[in-house]
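Student: I should like a close look at a single part of this model, namely the way its strands are paired. Please set the pairing in the context of the whole chain, and define each term where it is needed.

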Amino acid sequence: MMRILLFLVCFPFSIFAQSDTTSKYLQEVVVSSSRISEQLLYSPVSILKLGKPYFQRSGQASFFDALENVQGVQLITPSLGFKVLNARGFANTTNVRFSQLVDGMDMQSPHIGGPIGNALGPTDLDIDQVEIVTGIASTLFGMNTVNGLANLMTKSAFDSPGFSFQQKAGFTTNLYTESTLRYAHKIAPKWALKINASFVQGNDWEANNRSDLNPLANSSTNLVGADNPGRDLVNMYGNESSNRKTITLQGKSYVVSRTGYEESDVVDYSMKNTKGDFAFAYRVAPNSILSYSYHVALLDNVYQRSNRFRLQDYLLQQHAIQFQSAAFSFKMYTNSENTGNSYNLRSMAENLDRNFKSDAVWYADYAKAFTTSTTSGASIPEALNQARAAADLGRYQPGTTAYKEVLAKLQQINNWDLGAALKVQARLVHAEAQWNVSQNKFLQALKMELLLGADRRTYLIGSDGNYFVNPEKGNETGDILYSKTGAYASFSKKLWDDKLRLGFVFRVDKNDYFNLTSNPRLTAVFAPNAFHSIRVGYQEGYRFPSIFEAYSNINSGGVKRVGGLPVMSSGVFENAYLATSISAFQSAVLTDVNKNGFTKSSAIVKNKGLLVKNPYTYIEPEHIQSIEGGYRGALFGNRLVIDADFYFNQYNSFIAQTNVNVPKTSVLDSIPFVLNDKNGQTPYRVWTNSKSEVKTYGASFGFNYRMNASLILTGNATYSKLDKSENDDGLEDGFNTPDWVFNVGMSSIKITKNWGAGINYRWQNTYYWQSFLVNDWVPAYGSLDAQVQYRLTSIPVSVKLSGTNLSNQKYYSFVGGPQIGGMYMLTLLLNN
């Protein structure tokens, strides 16, 4: 009932609080929608602009966290120090379809293909504004922007000199602190420097979901719930499919898993993020600046991909040179990463067990103890539990000296069959140039704009012998090189007394392994006056496989995960069978043996028709076509600003993963028998393309209503939907996005002379999460945030008391992630 009431009264916390004069908002300048300065009113795509007033009014812990409440934006939380932005569906914990830029430069970690939250990004003190394109931006920004981008724009040392210091002290599961400083200074009329530093320390939220992912493993023997010896709890590792075995005990077949360890046993939940940056800028001319910048971050926190990881001593760096003028711009930068002492939690758990006792010995001890227990009169469930206790006798116990010593040893073994280390060194080099030809007098007379640009990116990934192996013969230990070159031309024309703007963008890209691709964008914006605009557009985009999707080569929990390029997976696609069909086949065999009296041999022959040969092949670029439109306007004497958009997307050759197994025989009659035996097959997880035509559609609506000179009511609603075709092959990575997200808020920067406050409520409905770690439903949740602040008049100091999830009703934003509780913060800001 409360959700319906909230929906009827107002839509949630929007981004339109940019100015207390709402008409001014539509005249704000944006650059991310067209890569040149233009008024928001005339933007041809869905773009949202956030400035200082929005972040001041938010009760979130940082400006980056506050993006969760923005219209059309989804934020998921793998850990307190690692949050992932997305828009318009297909969210995952390392989103390669949504780019995160800082002053137009990609902040991704090269081997991951996406950023680690805001680890390398700006601080609260240096952020000037954020522009978010919610939708395809590939025509102008290239790969990794088929879902959109966020451009985090920092303050200029020339325009915002001075010293600022901010201290936060708060509480989550433990004490949380953040110390931040910024110093900017004009050395001379043409020279300026800027320095930022930040240190964050706290304890992460725990991931402790104990739902069983394998509840029916022993349903043929009526062993379910706590009696199921094949249990696989979500946040317990070492008991997954590669750590299970079907064993025959007294004529019955049972699926039995190794015991494993809970996540809290194998991870240090302490979180640290030390980062800083400095920049020198030289004003070549009044509107031309040449600059050099350096960003660095050292991280300790939890990260998630197909498995969860402890990032420890993880070093990220970026060096950049930029030149910016009204007519020409150039950027060249390099990002590098060193994973330090990071490790895989799943590999750590399973190799702790195997370091104690090999699988062969453990299962032999288990079977022997089972026989002893049943002979003594124990029931089957009792005997299975007693067998586990006997096989685990002497097992490493968390907290003991022996346990800590083995964990430290495995943390440094860079082979996930034996250890757990993540030892990757990688970098990317990116260069781009842009020429704004619109300065030409002939084009200006015709009211035309022309923009030309080109870019080049090369990844250089260290071949560590575990995570990545160079497939080039004779160069197995050399760097893997993976490059892409692109170019674009953007043309626009004003008509009807500048009320109509038509735009056309055309982009081409060439990747080392794929043919030339082309991306067009056609747009029209009609603005009859300075208060209303309507936009429609059609655009296409391609996404080349990320370095991980193309080149991965890793044993991940007993499953060989390989990139989709022919050089990585030759022979796998041609000879494999779908793992889903193998599971169905093995389950049918178990049922016939345990319930229907078949011999194993006859049950295999009977059910071999369930096995399905792999229909997929080597990876190709992902292609998207999008139609979208929207409206921006100021109504009721400019007191109300609204923004609405809709879209329809169609994906072809959607990049995703599938699990396949290759039998260790080529004899056709023998294949069903080896596929019923874990030791007779090699499991792979391969990157490939869906054969389905994947369609998504949605809409969002947001408003900002200025109730008086300082009080603002804000709201937004976002609807997202996946519409699969009738040829659905079930391969797509999960849409992983709620149908509905609502925000509603009220705030005032100046309730009285020195006081300000704000409150916001966010709600999203239940949605299905699909990943290779776990598939399950994410329950609906709501979160209430609030803040109150006081500004001193005698000195430039303000104090802010804020809290998120004030009721501390714990929820998780995706399955397998941490339980997110309340966060309460006191912030002291000195801004001189």
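Tutor: Accessible areas are obtained by the Shrake-Rupley method with a 1.4 Å probe, and for residues only the protein chains shown count as cover. On that basis the protein exposes about 31,700 Å², of which 58% is supplied by carbon and sulfur atoms. The model is a predicted one, in which local features need pLDDT of at least 70 and side-chain atom pairs count only at pLDDT 80 or more, whereas totals for chains, interfaces and linings use all residues. Residues are numbered from 1 along each chain as its sequence is written, and side-chain values use heavy atoms, with hydrogens and water left out.

The overall frame comes next. The radius of gyration (taken over C-alpha atoms, with a globule rule of 2.2 Å times the number of residues to the power 0.38) is 28 Å for the protein, which agrees with the value near 28 Å for a compact globule of 832 residues. The C-alpha trace spans about 90 × 55 × 55 Å along the principal axes. Of the 832 residues, 58% count as buried; buried means under 20% relative accessible area, exposed means over 50%, and partly exposed lies in between, with a 1.4 Å probe and protein chains only. A contact requires heavy atoms within 4.5 Å. Among contacts between residues at least 6 apart in sequence, 67% join residues at least 24 apart. The protein carries 76 positive and 67 negative side chains, and the centres of the two sets lie 4 Å apart. Here Lys and Arg count as positive and Asp and Glu as negative, without His or the chain ends, and each charge is placed at NZ of Lys, CZ of Arg, CG of Asp or CD of Glu.

The secondary structure comprises 16 helices and 44 strands. These are DSSP runs numbered from the N terminus: helices are H or I with at least four residues, and strands are E with at least two. Two strands are said to pair if DSSP finds at least two bridges between them.

The part that repays the closest look is centred on strand 28. Strand 27 (residues 514-529) and strand 28 (residues 532-543) run antiparallel and are joined by seven bridges. A hairpin of two residues links strand 27 to strand 28, and within this pair Val 525 stands opposite Arg 535 of strand 28. Strand 28 also pairs with strand 32 (residues 622-635), in the antiparallel sense and over twelve bridges. There, Ile 534 stands opposite Tyr 631 of strand 32. In a regular strand the side chains alternate between the two faces of the sheet.

Two open sheets may be set beside this arrangement. One is an open sheet of five strands in the order 3-8-9-6-7, with mixed pairing. Its edge strands are strand 3 (47-50) and strand 7 (105-106), each of which pairs on one side only. Strand 3 pairs with strand 8 (residues 127-134) in the antiparallel sense over four bridges, with Leu 48 opposite Ile 132 of strand 8. Another open sheet of five strands has the order 29-30-35-34-31 and mixed pairing. Strand 29 (553-556) and strand 31 (577-578) form its edges, each pairing on one side only. Strand 31 meets strand 34 (residues 655-663) in the antiparallel sense over two bridges, and Leu 578 stands opposite Val 660 of strand 34.

Single residues complete the picture. Ser 802 belongs to strand 43 (residues 797-804) and counts as buried because its relative accessibility is 8%. Leaving aside neighbours within four places in sequence, the contacts of Ser 802 are Gly 59, Ala 786, Gln 787, Met 823, Tyr 824 and Met 825.

Loops between the elements offer other settings. Gln 250 lies between strand 14 (244-249) and strand 15 (252-257); its phi is near 55 degrees, a positive value in a residue other than glycine. Gln 250 counts as exposed because its relative accessible area is 54%. Lys 447 lies in the loop between helix 10 (441-445) and strand 24 (448-461) and has a positive phi of about 55 degrees although it is not a glycine. Lys 447 is partly exposed, at 39% relative accessibility. Ser 211, in the loop between strand 12 (191-203) and strand 13 (236-237), is partly exposed at 32%. Ser 211 and Leu 233 are 22 residues apart in sequence but 5.3 Å apart in space, C-alpha to C-alpha.
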